[in-house]
Amino acid sequence: MPLAERLFTAVCIVACALLYAASPWVQDTRVQLFLDNASWTVSIGLAAFLAWRGRAQVPPSERSLHTGLFTGALLMALGQVVWNLQVALGWNPFPAPADLLFLAVGPLWAFTVIRAAFARLPRDRTYPAALDFGGAVLALVAFTLVIYLPSGEVQSLAVGALLVLYPAGFLTAAGVTALAIPTVGVRITRSHVLVLLGMFGYGLSWMHWNLLVIHNTAVPGSWFNATFSLAALALGWGARWLRFEVSGDVAYRSRCDQAMNYVPLVSMTLAATTLALLFTAGDGRAGLQVLIFVCCLLVLLLAAMRQVIVVGLLHRLRAAEAAVLRNEGQLYQLAHFDALTRLPNRRYFEDALERAVAEASLYAQSPDRRVALLLIDLDHFKSVNETYGHRVGDALLSEVAARIHSLLAGQGLLARLANDQFTVMLQRSASRTELAQMAASIVEGLAQPWDLSEVGAQYMGASIGISLYPDDADSSLELVRHAHSALHATKSAGRGSYRFYIEEFTLITRGRLELRRRLHNALQGGEFTLVYQPQLNHLRQTVGAEALLRWSVDGKAVPPDEFIPLAEESALIVPIGLWVFETACQQLAQWRAEGWQVPVVSVNVSTIQLREPGFAQALLVVAERAGVSPAGLVLEITESQLLDESLYGIALDLKNAGFGLSIDDFGTGHSSLIKLRRLPVGELKIDKVFVRDIVHDVNDREICATVNALARTLGLEVVAEGVETEAQFQLLVKMGCQRFQGWLFAPALPPALLAERWLQPQGQPGLSEPDPVPLDSQ
C-alpha cells in the first residue's frame, strides 16, 4: 500500500474514532446527529475508496468482482450523502429516498458474487450450485425474518417491504459470498472474512436501525451507531486485498466439495426450525407469515430438486465409470495380450520377467530363487504360411498355444513373443534336470501330428533355448539374449531339440535324463549289484559290513551320488531299496550257510522308504523269508531324516521289530541333543568329511573327539567311515572310536571276495561270533 494511501486511511479511521468518542460528551442532540452522520460519511467513503483501490490492483480479467464491490460501496456512499441532505433539510420520512440507494447495494453485491463464482464453475456443476445458493439464502432470510419482524401490524406496505428487503438484500449477499468460497474452491483468507463480516454487519445494523425507527427509539450518539462504520471499514479493507482465485490443492477442493454436500441438509434444518418458530409465534403477522412459509417451502423444494440432480449426476458418473473401466479393460487386454492366442504378449512378458528377476536378485544366494526362461520357436512355420495361407497358420498357432499350455499343466508363465515364437518363464525354478524334462516333453508334444481342417495331418516340430538367472545372466535383458543364443545353437545343431545356454549343462542334463530313463528298466534288467565294505574294530577284526549299491550302464559304472538322487526324485528308490534289503538278507543267509562267521550287515534306507505304509512289517517279512534274524541287520538312516519328528514313530517300530538303527553321516545335519537322546539308535557314523583332514585340521579333530565323547555319554557305538591312512586310524582309536571302515582296510568288495579275505570260518578261534551291536541308546 502506498504511503499516501496509508496516511489517508489512517486519518479517516482516526477521524471516525474521534467523532464517536466526542459524541457522548456533547449534550445537544443536533450536534450528536451531525457527529453520527459525519462518522458514517467518512467511514463509508473510505470503504468506497479502498474498494476502488482494490479494483485497480487486480488484472483486468479479474475485475468483475471488485467492480461490483466498488459499485455497491459507492451506492452506499451516495445514499449517505442523500441521507445527510435529508437531515439538513429536516425531512426524514420512513421510507426515505436514501433507502432506495441503500437497498440496491445488497442485491448488487449478491449478483456480483454469484456471477464471479459461476464463471469459475464447470457447466455440470452450475445447476446444483444454483439450487444450493437459492435454498441456503431463502432459509437464512426466512429464519431472519421470523426472529426479526415485529409482532404488531406494520404501518404500511412500504414499511413492511422495507423491513423485509434490508435483511433479504444484505444477508443474501453475505450468504452467497460464504457459499461461493467452498463452491468454487477458493482458499479462504483474512480478506474474505472481512468482506463477509462487512456484509453481515450491514445487514444486522440496518435490521436493528429499522426497528428503532419504527418504535421511535433511535438515539443519536449511541454505541450502536458505530456498527455501520465498523461494517463499512471491514468491507472496504477486505475488498482492498481480496483475491478470488481457485486453489490448486486437490485435497482442499475435495474437502470443499464434501462440505457443500451438507448445504441442503443445513438449509432444510434451518427451514424446519423457522416453520416451528413461525407456528409457535403469536398472531398479527399474517401477511409476513405467508411470505416466510413460502420461503420455507421453496427451500424444501430446491433441496429436493438438488438431490434429484445429484442422483442423476451420480448415475451418469457411474455409467461413465463403468464404460471407462470396460474401455480400460479392453485397452489393457489389447496392450498386454495376444489377440490370436489370448496369451500374454511381449510387453506383458517383459514386465513380468523384469519383476521376477528383481525379486530373485533379493535372494541371490537361495538356490530355489532362480528364474528359468524357455524360448520356443516353431520349426519351418514359415512354409506353412506360404503353402496353406495365413488362416491355416493362425489356426496352427492357436493349437500350439493350447498344446503347450496343456503340457505345462499350470507351471510357469506362457507368452507369445512374435509370430511363431513362444516363451515360458518359471520363478523359483526346479533343477536343470526337471527343466530339461519339461523342454523334452514340449518338444515331443509339438512333434505330434497336427490335424488341421482343409489340409489334413501335418508334422511340425519346435526348438527350445534355455537360460537361467542368475546362473547364466545378470539381468532380464541378458537372460533373454542368452536364451536366444541357446535357441540359435539348437537350430544350428539340427532343430527339434533343446539346449541350455551353457553347453556343458546341456550335456549334463541330457545325461541325467538318459540315466533316469535307463533307471526305470535297471531293476528288471538285473543291472544292479551289491558290494560290501568291511567294518573293523581297533584290533582290525571284522565286526560288520555295509551293503553298497552299484549300477553299471553299458559296462560303465555310474557313481551312486548320481543315480541315487534320480531314484529318489522318481520314487524308484522304494522298489530298489527293497531289492537291496532283500539281496543283503539273502547274502547274509548264504554266508552263514557256507560256514562263515557272519557279522551284522548295514543297509542304507531312504526317507521315501520310511514313509511307505507298513515299512517295518515289510522288512520283517523279507528277513523271515530269507531266514535271517532282524538283530543281524542295521538300518542306516541319515541324521536329518531321523531328526524329523514325523519319522520318530517309524524308527521306533523298526527298533521294536529287532532291527539295529544307525545315524549315518552324523555331524552334517542339525542335531538336537534332546531329540538325539530319545532316538532308538545304537550307533553313530562319523561322516568321512570330518575324518579326511583329521590329522591336519584341528577343527575336524575336535569334532571327531566330541562325537566320540557324546556317543559314550549316550551309550552308543561310533563308526568312522572314510578311514584312508594309518595316522587317521590311530587318532580315532585314541579317541575311543570302536569301529572303522575305509580304503585303509578294503574297498567295497563282491560277496565272495569279502568272505575269502575278511570273514572267519565258523568255530575258528578269534571271532566266533560278532559282538552284538547295541540297539538301545537309553
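In the predicted model, strand S2 (residues 413-416) and strand S3 (residues 421-427) run antiparallel and are joined by 4 bridges. The connection between S2 and S3 is a hairpin that passes through 4 residues. Within this pairing, Leu-414 has Val-424 of S3 as its bridge partner. The side chains of S2 are distributed over two directions, with Leu-413 and Ala-415 pointing one way and Leu-414 and Arg-416 pointing the other way, and each of these four residues, Arg-416 included, is buried.

The hairpin belongs to an open sheet of 5 strands, arranged in the order S2-S3-S1-S6-S7, in which the pairing is mixed. The edges of the sheet are formed by S2 and by strand S7 (498-500), each of which pairs on one side only. Averaged over the sheet, and with direction ignored, neighbouring strands are turned by 20 degrees against each other. At the S7 edge, strand S6 (residues 462-469) and S7 pair in the parallel sense over 3 bridges, and Ile-464 has Tyr-498 of S7 as its bridge partner. The antiparallel pairing of S2 with S3 and the parallel pairing of S6 with S7 are thus both found in this mixed sheet. Helix H12 packs on the sheet, where it touches strand S1 (371-378) as well as S2, S3 and S6, and the direction of H12 makes about 25 degrees with that of S3.

Besides its packing on the sheet, H12 (residues 346-361) meets helix H16 (residues 476-492), the two axes coming within 9 Å and crossing at roughly 115 degrees. On the H12 side the contact is made by Phe-349, Leu-353, Glu-354 and Val-357, and on the H16 side by Ser-476, Leu-479 and Val-480. Classified by residue type, this contact of H12 with H16 comprises 5 nonpolar, 1 polar and 1 charged residues.

A second helix pair is formed by H2 (residues 29-57) and H8 (residues 226-241), whose axes come within 7 Å and cross at roughly 10 degrees. Angles under 35 degrees count as roughly parallel, and H2 and H8 are therefore roughly parallel to each other. The residues that H2 brings to the contact include Trp-40, Ile-44, Leu-50 and Arg-53, while those from H8 include Phe-228, Leu-233, Trp-237 and Arg-240. Glycine also takes part on both sides, with Gly-54 in H2 and Gly-236 in H8. The residues of the contact of H2 with H8 divide into 11 nonpolar, 6 polar and 2 charged.

Ser-191 lies in helix H7 (residues 190-214) and, at 10% relative accessibility, counts as buried. When residues up to four places away in sequence are not counted, Ser-191 touches Gly-238, Trp-241 and Leu-242.

A search of the whole structure for disulfides finds 0. For Cys-704, the closest cysteine sulfur is that of Cys-737, at 8.3 Å, which is too far for a bond, given that a disulfide requires the sulfur atoms to lie within 2.5 Å. Conversely, the cysteine sulfur closest to that of Cys-737 is the one in Cys-704. Both residues are buried, Cys-704 with a relative accessible area of 0% and Cys-737 with a relative accessible area of 4%.

How values were computed:
Residues are numbered from 1 along each chain as its sequence is written. This is a predicted model: local features need pLDDT of at least 70, side-chain atom pairs count only at pLDDT 80 or more; totals for chains, interfaces and linings use all residues. Side-chain values use heavy atoms; hydrogens and water are left out. Buried means under 20% relative accessible area, exposed over 50%, partly exposed in between (1.4 Å probe, protein chains only). Two strands pair if DSSP finds at least two bridges between them. Axes are lines fitted to C-alpha atoms, for helices over the stretch in contact, and angles run from 0 to 180 degrees between N-to-C directions. Contact means heavy atoms within 4.5 Å. Ala, Val, Leu, Ile, Met, Phe, Trp, Tyr, Cys and Pro count as nonpolar, Asp, Glu, Lys and Arg as charged, and the others, Gly among them, as polar. Angles under 35 degrees count as roughly parallel, over 145 as roughly antiparallel, 65 to 115 as roughly perpendicular and the rest as oblique.
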